[in-house]
Amino acid sequence: MTAAPMGGDRRSGATEAYEPRSLAVLAVRPDLTLDETRSALPACAVPPHA
């Protein structure tokens with residue numbers, strides 16, 4: 001029996017899925033705060049960081 005992998009990155013795939021839209025929003029409005037950027041992405045439904 002071998003040990004299961006521990007740790008690792010489990011969220012970057014989900015986060016990277018929002019990258020193209022996020023970059024497009026920031027290209028138009030580079031001065032947005034993080035909260036304003038999240039509000040501009042309602043179709044993506046980016047969950048708040050817990």
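**A three-helix predicted chain**

The protein chain we have here folds, as far as its secondary structure goes, into three helices and zero strands, and reading from the N terminus the order of elements is simply α-α-α. I should say at once that this is a predicted model, so let me take the confidence before any detail, because where pLDDT is low the predicted coordinates should not be read in detail. For the protein chain the mean pLDDT is 77, with 82% of the residues reaching 70 or more. Among the elements, helix H2, which covers residues 19-28, has the highest mean pLDDT at 87, whereas helix H1, residues 12-16, has the lowest at 75.

Now to the surface. The chain has 50 residues, of which 10% count as buried, and it exposes about 4400 Å², with carbon and sulfur atoms supplying 61% of that area.

One of the residues that I would like to look at with you is Thr37, which sits in helix H3, residues 34-39. Is Thr37 buried or exposed? Its relative accessible area is 10%, and because the cut-off for buried is under 20%, Thr37 is classed as buried. A polar atom of the Thr37 side chain lies 2.8 Å from the backbone oxygen of Thr33. If we leave aside the neighbours within four places in sequence, the residues in contact with Thr37 are Leu26 and Leu32, and Leu26 takes us back to helix H2, since that helix spans residues 19-28.

Let me turn to charged side chains. In general, side chains of opposite charge can pair when their charged atoms come close. How many salt bridges does the structure hold? There is one, and it joins Asp31 to Arg29, with 3.7 Å between the closest N and O atoms. That distance counts because the cut-off for a salt bridge is within 4 Å. As for the two partners, Asp31 is exposed, with a relative accessible area of 57%, while Arg29 is partly exposed, at 44%.

To draw this together, we have a predicted model of three helices, with a buried threonine, Thr37, in helix H3, and one salt bridge, formed by Asp31 and Arg29.

Note on methods: Residues are numbered from 1 along each chain as its sequence is written. This is a predicted model: local features need pLDDT of at least 70, side-chain atom pairs count only at pLDDT 80 or more; totals for chains, interfaces and linings use all residues. Side-chain values use heavy atoms; hydrogens and water are left out. Helices (H or I, at least four residues) and strands (E, at least two) are DSSP runs, numbered from the N terminus. Buried means under 20% relative accessible area, exposed over 50%, partly exposed in between (1.4 Å probe, protein chains only). Accessible areas come from the Shrake-Rupley method with a 1.4 Å probe; for residues, only the protein chains shown count as cover. A salt bridge is a side-chain nitrogen of Lys or Arg within 4 Å of a carboxyl oxygen of Asp or Glu. A polar contact is a pair of N or O atoms within 3.5 Å; within protein, one must be able to donate a hydrogen and the other to accept it, and residues adjacent in sequence count only if both atoms are side-chain atoms. Contact means heavy atoms within 4.5 Å. pLDDT is the predictor's confidence in each residue, from 0 to 100.
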